[in-house]
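Reader: Could you walk me through this structure? I'd like to learn how to read its packed helices and its hollow spaces.

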Amino acid sequence: MTIEDAKVTGSAGAEYLAKRTLRTGSAGWVLLAGLGVSYVISGDYAGWNSGIAEGGFGGLLIATVLIAGMYLAMVLGMAELSAALPAAGGGYTFARRALGPWGGFATGTAVLLEYAIAPAAIATFIGGYVESLNLFGITDGWWVYLAVYALFIGVHLTGAGEALKAMFVITAIALVGLAVFAVSAWGLFEAGNLTDIPADPNAFGSSSFLPFGVFGIWAAVPFAIWFFLAVEGVPLAAEEAREPEKNVPKGIISAMLVLIVTGAAVLFLATGALGAQAISTSGNPLVEALGDSGAAKLVNYVGLAGLVASFFSIVYAYSRQAFALSRAGYLPTSLSVTNARKAPVLALIVPGVVGFALSLTGEGAMLLNMAVFGAALSYVLMMVSHIVLRVREPNMPRPYRTPGGVATTAFALVIACAAVIATFLVDPVAATWTLVAFCAFMAYFGLYSRHRLVAHSPDEEFALLAEAEEELE
């Protein structure tokens, strides 16, 4: 794709960029790893267990192994890309360099849809928790949705360093809750509970391990994604990290390894303690797995911290993706103006207002599946970007290189394609609505914003320099 395919017409001078800069050096690799864990940790507390209703324990286990492999391969690929192209756009920046403006905007849009919708789903779960715990006497969830959006957007407006440190503390509390759960559930574990769902005689390949047959594995894929959904957002903090070429790869890989351990512990111990049949329909699986005990009460309250951690961190992620797309002119440039604390004000508020409106539907499960569709689509585009850059720009400076090279990201690409299809199988309504929103964004780009891109924004400069070098060669 050449510059002519999407005209870069803006002239971003020092004044333009000065109003659109983030605070650099705010995070080392430990905070970045904490950010990666916090994106995902709510998925350990709830949501994943619905996959057992689709595929049984065996189906969800196999799906989780495949998805964990996909995420690990993808994270290794993104570690390379984030070290080579450290900008706030994350996946959009990578795809812009590899696939041109259309591919960059498509990737950024898919990521933005994922991160704008996921907090709406989590807000409904937080509302359910608050009501079930009878906190503050609240019986109507929308007050909770409004409170969490207003509170945590307000914290993010104070600046990235403060926000990331607060997020790290909340995430640490949620991890302690998972440790308490694991120790308590170990004594309740019974292997027979893993396979207590009767096999469906009409399902191909059904057994006690795969009660819904081979097809159940595929149907469980979107729920397996919930164990890792959004960890790929760590590179969005690249411009605010110290030595991003070193710390971003280290942070995202460390986060992924932690999530593999917590996901495996939750899947085996919760199912083995409560039973696959019972946990498949549970709204609060970890608490119900522990029964009526002091540990269950503790985990119940700490589970709220897990949901808050994910909500809090994904608000950060959607603001940085909106900021990067706006700064380069793909979205209205007013979204990327930062305040005195170097926080993008409208990039935090506008998607937050949209998310709050979505949360008022109360359809947490549907919103979750919408977010999964956006995520899976972005994974496909990001892995294609890694492969294209490896082939087309083999000499591009890469401080970190993906083990296995394109073979690693090709594996992730295949599984990601299957995941996109699986979202239509599980919830075609959610996937279709998200696809419609994605197409609307692409129409906006094709008809309007592609003629108004800003040449000297960091993401555009990465791509334009690459094109200039290619022309010289």
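Author: We'll take helix packing, then cavities, then a pocket. Keep in mind that this is a predicted model.

Reader: Okay, helices. How are two packed helices described?

Author: Two packed helices are described by the angle between their axes and the distance between those axes. Let's try that on helix 4, residues 50-84, and helix 14, residues 364-392. They pack at an angle of about 50 degrees, and their axes are 10 Å apart.

Reader: What do I call an arrangement like that of helix 4 and helix 14?

Author: Angles under 35 degrees count as roughly parallel and 65 to 115 as roughly perpendicular. At about 50 degrees, helix 4 and helix 14 are therefore oblique to each other. As for handedness, helix 4 passes helix 14 in a left-handed crossing.

Reader: Which residues make the contact between helix 4 and helix 14?

Author: From helix 4 you have Met70, Tyr71, Met74, Gly77, Met78, Glu80 and Leu81. Helix 14 brings Tyr379, Met382, Met383, His386, Leu389 and Arg390. Sorted by class, that contact has nine nonpolar, two polar and two charged residues.

Reader: And how does helix 4 pack with helix 15?

Author: Helix 15 covers residues 406-426, and its axis and that of helix 4 come within 8 Å, crossing at roughly 135 degrees. Angles over 145 would count as roughly antiparallel. So this pair, helix 4 and helix 15, is oblique. The crossing is left-handed.

Reader: Which residues of helix 4 and helix 15 make the contact?

Author: On helix 4, look for Leu66, Ile67, Gly69, Met70, Ala73, Met74, Leu76 and Gly77. On helix 15, they are Thr408, Thr409, Phe411, Ala412, Ile415 and Ala416. The classes here are 10 nonpolar, four polar and no charged. Try finding Met70, Met74 and Gly77 on screen: these helix 4 residues are in the contact with helix 14, and they are in the contact with helix 15 too.

Reader: Now the hollow spaces. How many cavities of 30 Å³ or more are there?

Author: The count is two. The largest has a volume of about 40 Å³, and the second largest about 30 Å³.

Reader: What lines the largest cavity?

Author: Its lining is Tyr39, Val40, Ser42, Gly43, Ala118, Ile122, Trp226, Leu229 and Ile314. Helix 2 (29-40), helix 3 (42-45) and helix 5 (91-133) each give two or more residues to that lining. By class, you get seven nonpolar, two polar and no charged residues.

Reader: And which residues line the second largest cavity?

Author: Those are Met78, Gly90, Gly91, Val111, Tyr115, Glu232, Gly233, Leu236, Gln321 and Met382. Helix 5 gives the most, with three residues. The classes come to five nonpolar, four polar and one charged. You've met two of these names already: Met78 of helix 4 and Met382 of helix 14 are in the contact between those helices.

Reader: Last one. What is the volume of the second largest pocket?

Author: About 330 Å³. It has 17 lining residues, and the closest to its centre are Leu112, Ala116, Pro351, Val354 and Phe441. Helix 5, helix 13 (345-359) and helix 16 (428-447) each give two or more residues.

Reader: Which helix gives the most to the lining of that second largest pocket?

Author: Helix 13, with six residues. As for class, the lining of the second largest pocket divides into 16 nonpolar, one polar and no charged residues.

Conventions. Residues are numbered from 1 along each chain as its sequence is written. This is a predicted model: local features need pLDDT of at least 70, side-chain atom pairs count only at pLDDT 80 or more; totals for chains, interfaces and linings use all residues. Side-chain values use heavy atoms; hydrogens and water are left out. On a 1 Å grid over the protein atoms alone, a cavity is a set of points where a 1.4 Å probe fits but cannot get out, and a pocket is an open set with protein on both sides within 12 Å along at least five of seven lines; lining residues have an atom within 4 Å of a point. Grid points are joined across faces, edges and corners, and a volume is the space filled by probe spheres set on the points. Ala, Val, Leu, Ile, Met, Phe, Trp, Tyr, Cys and Pro count as nonpolar, Asp, Glu, Lys and Arg as charged, and the others, Gly among them, as polar. Axes are lines fitted to C-alpha atoms, for helices over the stretch in contact, and angles run from 0 to 180 degrees between N-to-C directions. A crossing is left-handed if the near helix is turned anticlockwise from the far one by less than a right angle, and right-handed if clockwise. Contact means heavy atoms within 4.5 Å.
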